[in-house]
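Visitor: Please take me through one part of this model at close range. I would like the surroundings of the ligands, and then whatever else helps to place them.

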Amino acid sequence: MNKMNEKQRLDSQQANSSDKKSEKDYSKYFERVITAPSLKDAKKRGKEEVKYHNDFSIPEEFRGMGDGRKFYIRTYGCQMNEHDTEVMAGIFLALGYEPTDSTEDANVILLNTCAIRENAENKVFGELGHLKALKMENPDLLIGVCGCMSQEESVVNKILKTYHHVDMIFGTHNIHRLPHILNEAYLSKEMVVEVWSKEGDVIENLPKVRRGNIKAWVNIMYGCDKFCTYCIVPYTRGKERSRRPDEIIQEVRHLAAQGYQEVTLLGQNVNAYGKDFDDIKYGLGDLMEELRKIDIPRIRFTTSHPRDFDDHLIKVLAKGGNLMDHIHLPVQSGSTDVLKIMARKYTREQYLELVRKIKAAIPDVALSTDIIVGYPNETDEQFEETMSLYREVGFEAAYTFIYSPREGTPAAKMVDNVPLEVKKERLQRLNNLVNELSAQAMKKYEGQMVEVLVDGESKNNPDVLAGYTTKNKLVNFKGPKTAIGKIVKVKIIEAKTWSLNGEMVEELEAAEVK
Ligand code: SAH
Ligand code: SF4
Ligand code: F3S
């Protein structure tokens with residue numbers, strides 16, 4: 001983004017945020033606020049064209065800003081945030097900072113936050129409380145809050161009012177502005193708030209420091225336009241914007257050339273990939289068709305929305321090879337009535353039909369899902385429909401959540417007659433079922449041979465190696481450290497509920513894996 005554009009954007013953001021509501025909220029602190037969030041503005045979906053930029057650079061005057069200084073980033077939330085952290089780490093390094101694993105050693109601490117549920121936010125406020133002592137000991141320390149929580153007005157207000165030891169707040173749309181924001185924070189020593197309510201353009205050449213050299217995240221799109229009624233993400237991440245196919249293909253080729261073994265394509269709703277292009281007709285199926293030709297052993301993608309999962313994609317995935325036989329397909333509920341109020345835009349039957357098609361094309365595919373229990377006014381019968389759908393599909397894993405109201409979303413305004421105790425019981429029953437089906441799926445592997453991409457030593461025991469199968473099952477096994485970063489054959493000896501124990505048999509020849 002060139003300087004002129006940046007200035008224009010900032011001006012228009014300021015114009016956006018100076019509507020009555022924001023002015024009232026921030027008047028007391030206005031001198032510190034460059035641009036403030038507004039969920040109302042974030043909800044708007046404009047027709048403006050997305051511009052792609054390839055000219056990010058660290059401005060001359062900021063080079064060396066980090067010399068002799070160290071940074072620490074704590075990441076909460078989804079893979080999208082993990083990957084944003086890799087980009088921010090890249091910017092810190094380009095500015096001359098060094099990374100550190102300890103908050104005590106850091107000169108700058110960033111909390112890259114998640115707003116998806118209340119407990120995610122509480123964790124961040126807890127951590128901010130702890131950091132106060134560090135700031136008292138070391139007043140030169142800079143503390144920043146970024147990520148999805150920063151996009152919420154209520155959070156920014158709360159930090160401004162209560163957490164005075166925070167030096168900067170910025171959001172998800174302007175992480176490329178990090179050098180400017182840091183500079184501002186050093187100069188003003190006042191809390192600097194720069195949050196854009198509307199998404200920016202796509203900036204292609206941001207530096208990144210990837211965590212590890214075995215697996216890599218690759219963004220294929222940003223934002224979400226689905227507006228499920230419970231979800232804050234469309235507000236915190238802006239409208240759907242797809243990266244151009246050639247940029248993605250080039251990035252994956254480059255990762256393959258560097259020796260990466262696996263890429264995971266990222267987006268909040270990857271199945272909507274390409275829908276925003278008006279010059280070409282190009283979807284996720286087309287992209288996967290191109291990517292499967294690249295010489296990289298494993299390609300995954302997350303997260304899929306059932307509504308946009310089309311036949312072409314199923315056909316391409318069925319070709320297998322480096323396209324993995326595991327699909328994460330969030331269902332949220334097994335009740336058509338609940339799905340309707342959630343605005344998921346599919347019925348129980350349509351979901352089951354999609355599963356049938358996927359299973360017919362990819363026999364033995366492993367399916368996992370996300371489920372919300374205790375949606376406002378969910379009845380016992382509706383919950384039972386979730387239980388029966390879970391069994392009917394035969395999911396092998398699930399992330400399960402109790403519904404958490406998010407301010408600004410339509411569901412947050414709904415009256416809810418389900419007591420928390422009932423929601424907790426439902427979650428417990430669902431989790432028992434999730435464990436039962438996972439254990440069942442795992443049991444089938446006893447005595448079988450699986451291919452494992454070895455991540456490294458097991459977290460609990462350095463004498464044991466750990467990695468994942470093509471279907472994303474965690475395998476712990478004894479083997480030589482030289483196997484780390486490779487795909488090896490492991491014989492499964494024992495199945496547990498959530499992992500497998502085995503013995504390494506041999507390293508796979510590169511050719512066999514393709
Ligand atoms: N884009 C992804 C989901 C991202 S959020 C998708 O649509 O599949 C990950 C999961 O968090 C969601 O699938 C949902 O199950 C859960 N979730 C989102 N908002 C929530 C809320 N308000 N309360 C509880 N769980 C929520
Ligand atoms: Fe949230 Fe729905 Fe978008 Fe997923 S698809 S991020 S659940 S609004
Ligand atoms: Fe959380 Fe934002 Fe991801 S709300 S789940 S970090 S997109």
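Guide: What follows starts at the ligands and then moves to other sites.

This is a predicted model, in which local features need pLDDT of at least 70, side-chain atom pairs count only at pLDDT 80 or more, and totals for chains, interfaces and linings use all residues. Residues are numbered from 1 along each chain as its sequence is written, chains are lettered from A and ligands numbered from 1 in the order in which they are written, and side-chain values use heavy atoms, with hydrogens and water left out.

Take ligand 2. Around ligand 2 sit C224, K226, F227, C228, Y230, C231, V233, P234, Q268, H305 and R344. A residue is near a molecule if one of its heavy atoms lies within 4 Å of it. By class, this shell holds 7 nonpolar, 2 polar and 2 charged residues. Here Ala, Val, Leu, Ile, Met, Phe, Trp, Tyr, Cys and Pro count as nonpolar, Asp, Glu, Lys and Arg as charged, and the others, Gly among them, as polar.

Now ligand 3. Its surroundings are C78, N81, C114, A115, I116, C148, R237 and Q268. That shell has 5 nonpolar, 2 polar and 1 charged residues. Q268 appears in the ligand 2 list and in the ligand 3 list.

K226, from the ligand 2 shell, leads on to D308. D308 touches K226, N269, N271, A272 and K275, leaving aside residues up to four places away in sequence. Contact means heavy atoms within 4.5 Å. D308 lies in the loop between β14 (298-302) and α11 (311-317). Helices (H or I, at least four residues) and strands (E, at least two) are DSSP runs, numbered from the N terminus. D308 has a relative accessible area of 10%, so it counts as buried. Buried means under 20% relative accessible area, exposed over 50%, partly exposed in between (1.4 Å probe, protein chains only).

Two other sites give a contrast. D364 is in the loop between α13 (348-361) and β16 (366-373). D364 is exposed, at 61% relative accessibility. D364 and P419 are 55 residues apart in sequence and 39 Å apart in space, C-alpha to C-alpha. S388 belongs to helix α14 (residues 380-393). S388 is partly exposed, at 34% relative accessibility. From S388 to G334 the separation is 54 residues in sequence and 7.5 Å in space, C-alpha to C-alpha.
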